[in-house]
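Work through the following exercises with the sequence and the coordinates open beside you. Each task is followed by a solution that proceeds step by step.

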Amino acid sequence: MNLSSLDSKPLTQCQICGCSHLDSILFLGYVPPVNEMLTVGGVPNVEMRFPLELMRCKQCTLVQIGYEVDPRILFPHSYPYLSGTTKILRENFKNLAQESNALFHLSQSDLIIDIGANDGTLLAPFRDLGAKVLGIEPSQAADVARTKGIEMVKDYFSQKTAQQVRAHYGSAKIITAANVFAHIKNVHEIIEGILHLLSSDGVFISESHYLLDLVQTLQYDTIYHEHLRYYALGSLMKLFEQHGLEIFRVKRIATHGGSIRVYAARKGQFPIHTSVTQSLKEEDEAGLTDGACFRTFRQRVIQSKLDLISLITDIKAQGRRIYGIGAPSRASTLINYVGLDDGLIDAVMEVAGSHKLNKYIPGTRVPVLDEQKLYQDQPEYVLFYSWHIAEELAANLRKKGYLGECIVPLPSPRIFSTEPVYV
Ligand SMILES: [Zn+2]
C-alpha cells in the first residue's frame, strides 16, 4: 500500500462549525489500525500507527478525534460486524420500533429507511409492525439483511444515493441512523441527503454513543480512529440547527455502554419534549457544556490504566493465565494504551469462523485463537474487551463451561464473578 497516496491527516478544524480553536483533552498514543492483522508465526515487519487524540472545539463544544485515517487503511477488507449477533442491540431496536410506532402512529404506507442498515436488525421490528422498510448499507452485511427478506440498497449513503432512492421509493416518514452518524465523514453532506429523503413531516432518529456516558464511566476505549465525533446533545443541536433541523425528543439508552437516541424534524413540526431541556440541564451540571469535566477526565483515565496494570501484574506474579475475550475494534485502544502485550495476556478468544483467528492483535504478539481453547485450557482469568456487555458474555461463557474468573477492565478494573467458580 502506497502511504503517500492515501488521505490521512490531522483534523485541525471542527467538523461542525469549522472553528480551528481545538483544545486537547487526552492523547492516547500512536495506535495501529485494527484491520491490519499479521498471521500467527509471521515475521514482524513495519507496522502503521496513527496518533489518537481527543479534541474539543472551543466554539461549538464538539468533541472529535484529532487525526483522520484514510478509510482505505481502516477498512481494507469488507468484514461486516453483524448487529444481530448482540442481544442488547436486538432488544434496543425492537424498543425503537415500538416507541416510534407509539409516537408517530405508523401506517402500512409509511416508508422507514435505515442508513448503515447492517444486517437489517434495526429494520426487522419495523417491518414486523407492518411498515415498508428499506436499508442502505455498503458492506456484505446487506446480503445478510436480504436473506431476512429486507429490501436493501447496497451502497454508501450520499446525496447522490439519497436522490436515487427518493426517485425510486419516494420520501421517508422515518429515517434512522444507529451508531453510524458519528462515524461518517462529511457530516453536513449526509444531513443534506437525509433532508432530501425525509418527507415534510418526517422524523430523523439517530443513535450515537453518548459523550456524557463516555466521560462519566471512563469509556476511553470507545475513542478510536473510525469514531470521528463524540456527540453531546448540545453539540448535536448546533449541528442540526445549521440545516434547519430541530431536536424535539431525547432518550438515553444502554447500547454500546451508553448512547443517546435523538429525534429530530424540520423546525416547528413537533413540540419540544421536556427530555430535551432536561438532558441539556444534565450536560450543564456535568460540566460538559463549559468543558469543566475534561479537566479531571484525563487524570481519571491515567489512574484507571495504572489500576488495570496493577491488577494484571498481581495476577501474573502468581503465575496465573489471562485470556482476552473477543477482539472488537474498540479493544485496540485499550490494548495499546495500557500495553496489554503477550507478557500480560496469553491469548485472545474468538468464535469459530472469525476472520481474526490465527492472527496477532495489532501492535502486539498476542494470538487470536478459537474459543474452544478456553474450555480446554480453563485459564484462571479472562479479560472482557467488550466490558460494556460483561454480564451477557459471562453468562454465555459459564453456560459453555468456563470455570475461572472474569476481569472487567473499565471504568475501575475489577474481578467479576457471577457464580461460584471451580466447583
Ligand atoms: Zn465547533
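**Exercise 1. A helix and its surroundings**

Determine how many of the 9 residues of helix α8 (residues 233-241) are buried, and which elements the buried residues pack against.

Solution. Step one is the count: 7 of the 9 residues of helix α8 are buried, so the helix is largely enclosed by the rest of the structure. Here buried means under 20% relative accessible area, exposed means over 50%, and partly exposed lies in between, with a 1.4 Å probe and protein chains only. Helices (H or I, at least four residues) and strands (E, at least two) are DSSP runs numbered from the N terminus. Step two names the buried residues of α8, which are L233, G234, S235, L236, M237, L239 and F240. Step three turns to their partners: the buried residues of α8 pack against α6, β10 (198-209), β12 (245-253), β13 (259-266) and α9 (274-285), where contact means heavy atoms within 4.5 Å.

Before going on, note that this is a predicted model, in which local features need pLDDT of at least 70 and side-chain atom pairs count only at pLDDT 80 or more, while totals for chains, interfaces and linings use all residues. Residues are numbered from 1 along each chain as its sequence is written, and side-chain values use heavy atoms, with hydrogens and water left out.

**Exercise 2. The zinc site**

Identify the donors of the zinc ion, assign the geometry, and locate C17 and C57 in the chain.

Solution. Step one lists the donors: the SG atoms of C14, C17, C57 and C60 coordinate the zinc ion at 2.3 Å. Donors are N, O and S atoms within 2.8 Å of the metal (3.2 Å for Na, K and Ca), and water is not among the atoms, so sites may look incomplete. Step two concerns geometry: the 4 donor atoms subtend angles of 100 to 116° around the zinc ion, which makes the arrangement tetrahedral. Four donors count as tetrahedral if all angles lie between 85 and 135 degrees, and the ideal angle for four tetrahedral donors is 109.5 degrees. Step three reads the spacing of the donor residues in sequence, C-x2-C-x39-C-x2-C. C17 lies in the loop between β1 (9-10) and β2 (22-31) and C57 in strand β3 (residues 50-57), so this pair ties together parts that are 40 residues apart in sequence. Step four compares accessibility: C17 counts as partly exposed at 28% relative accessibility, whereas C57, at 1%, counts as buried.

**Exercise 3. Enclosed space**

State how many cavities of 30 Å³ or more the structure holds, and describe the lining of the largest cavity and of the second largest.

Solution. Step one fixes the terms. On a 1 Å grid over the protein atoms alone, a cavity is a set of points where a 1.4 Å probe fits but cannot get out, and lining residues have an atom within 4 Å of a point. Grid points are joined across faces, edges and corners, and a volume is the space filled by probe spheres set on the points. Step two gives the count, which is 2 cavities of 30 Å³ or more. Step three takes the largest cavity, with about 70 Å³ of space; among its lining residues are V34, M37, S332, K356 and I361, and the whole lining divides into 8 nonpolar, 2 polar and 1 charged. Ala, Val, Leu, Ile, Met, Phe, Trp, Tyr, Cys and Pro count as nonpolar, Asp, Glu, Lys and Arg as charged, and the others, Gly among them, as polar. Step four takes the second largest cavity, of about 50 Å³, whose lining includes V34, Y224, H225, E226 and S332 and has 6 nonpolar, 3 polar and 1 charged residues.

**Exercise 4. Backbone details**

Find where the cis peptide bond from L410 to P411 lies, and place H105 and N179, which have positive phi.

Solution. Step one: the peptide bond from L410 to P411 is cis, with omega near -10°, and P411 sits in the loop between β18 (405-408) and β19 (414-416). Step two: H105, although not a glycine, has a positive phi of about 45°; this residue is in the loop between α2 (87-104) and β6 (111-115) and is exposed, with a relative accessible area of 61%. Step three: N179 has phi near 60°, belongs to the loop between β9 (172-178) and α6 (187-197), and counts as partly exposed at 28% relative accessibility.

Technical notes. 1 Å grid on protein atoms, 1.4 Å probe; cavity = no way out; pocket = protein on both sides within 12 Å on 5 of 7 lines; lining within 4 Å. Tetrahedral: all angles 85-135°; square planar, octahedral: opposite > 155°, others 65-115°.
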